[in-house]
Amino acid sequence: MGSIIANGANGRLYLTASGVSKKVDPTTFAVTSTAFGTVMAINTLTNKLYATGGNNLQIINGATEVIQTTIGLTYTPASMGINTELGHLYLANSAGNSLEVRNPSTGALIATFSLATFGDTPNRAMTVDSIRGRIYVTANIGGSPVLLVIEDLTTARNSRSNL
């Protein structure tokens with residue numbers, strides 16, 4: 001088994017198993033396969049799921065569980081995070097030693113934070129503090145694990161209605 005993520009908008013749980021997210025009923029614990037990739041982030045304000053299917057970013061309607069948009073990437077994200085205050089989706093690119101900032105509605109690229117100058121390779125865990133505009137991501141420097149704290153200065157805060 002892999003990660004588990006909860007959708008606070010509707011109470012659904014998604015458990016990663018064999019590289020695919022499976023929906024888990026939180027009352028009966030019944031497991032159902034989903035028709036999309038691995039859920040890595042959820043925006044509970046807009047009820048959108050963000051998943052990877054190979055090298056694709058999938059933006060999914062959390063209520064209907066229908067894929068709305070698929071964006072081809074040159075890598076498979078190691079992790080994702082969402083900032084509801086800034087209206088940003090973050091994708092960790094281990095191959096490129098960077099974090100991509102994307103529009104959570106369209107998937108359009110907004111900016112890239114390069115970590116290569118520090119020798120950092122982002123891997124696995126990421127979380128976002130929307131209030132402080134900070135991204136917390138685990139990385140490796142010369143084989144040693146570190147926690148990076150990155151402040152997102154790409155834009156002024158958006159209103160929640162723009163998400």
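This passage describes the salt bridges, two strand hairpins, a buried loop residue and the largest pocket of a predicted model.

Four salt bridges are present in the structure. Side chains of opposite charge can pair when their charged atoms come close. One of these salt bridges joins the side chains of Glu-65 and Arg-12, with a nitrogen-to-oxygen distance of 3.8 Å. The two partners come from distant parts of the chain, 53 residues apart, since Glu-65 sits in the loop between strand 7 (56-61) and strand 8 (66-72), whereas Arg-12 sits in the loop between strand 1 (4-6) and strand 2 (13-17). Glu-65 also takes part in a salt bridge with Lys-23, where the distance from N to O is 3.1 Å. Because Glu-65 belongs to the loop between strand 7 and strand 8 while Lys-23 belongs to strand 3 (residues 20-24), this pair ties together parts of the chain that are 42 residues apart in sequence. Arg-12, Lys-23 and Glu-65 are thus linked in a network of salt bridges.

The members of this network can also be described by their accessibility. Glu-65 has a relative accessible area of 17% and counts as buried because this value is under 20%. Arg-12, in contrast, is partly exposed, with a relative accessible area of 24%, and Lys-23 is likewise partly exposed, at 23%. A further salt bridge is formed by the side chains of Asp-129 and Arg-132, for which the N to O distance is 2.7 Å; of this pair, Asp-129 is buried, its relative accessible area being 14%.

The loop that carries Glu-65 is also the turn of a hairpin. Strand 7 and strand 8 are paired in the antiparallel sense over six bridges, and within this pairing Ile-60 has Ile-67 of strand 8 as its bridge partner. Four residues lie between the two strands of this hairpin, and Glu-65, in the turn, adopts a positive phi of about 60°. Strand 7 is further paired with strand 6 (residues 48-53), again in the antiparallel sense and over six bridges; here the bridge partner of Tyr-50 is Ile-59 in strand 7. The hairpin of strand 6 and strand 7 has two residues between the strands, and in this hairpin Gly-54 takes a positive phi near 70°.

Asn-47 is placed in the loop between strand 5 and strand 6. With a relative accessibility of 15%, Asn-47 is classed as buried, because the value falls under 20%. When neighbours within four places in sequence are left aside, the residues in contact with Asn-47 are Asn-7, Ala-9, Asn-10, Ile-60, Asn-61, Gly-62 and Ala-63. Among these contacts is Ile-60, the residue whose bridge partner in strand 8 is Ile-67.

The largest pocket encloses about 170 Å³ of space. Its lining is made up of Gly-2, Ser-3, Ile-4, Ile-5, Thr-16, Thr-38, Val-39, Met-40, Ser-79 and Met-80. Strand 1 and strand 5 (38-43) are the elements that give two or more residues to this lining, and strand 5 gives the most, with three residues. In composition, the lining of the largest pocket divides into five nonpolar and five polar residues, with no charged residue.

How values were computed:
Residues are numbered from 1 along each chain as its sequence is written. This is a predicted model: local features need pLDDT of at least 70, side-chain atom pairs count only at pLDDT 80 or more; totals for chains, interfaces and linings use all residues. Side-chain values use heavy atoms; hydrogens and water are left out. Buried means under 20% relative accessible area, exposed over 50%, partly exposed in between (1.4 Å probe, protein chains only). On a 1 Å grid over the protein atoms alone, a cavity is a set of points where a 1.4 Å probe fits but cannot get out, and a pocket is an open set with protein on both sides within 12 Å along at least five of seven lines; lining residues have an atom within 4 Å of a point. Grid points are joined across faces, edges and corners, and a volume is the space filled by probe spheres set on the points. Ala, Val, Leu, Ile, Met, Phe, Trp, Tyr, Cys and Pro count as nonpolar, Asp, Glu, Lys and Arg as charged, and the others, Gly among them, as polar. Two strands pair if DSSP finds at least two bridges between them. Contact means heavy atoms within 4.5 Å.
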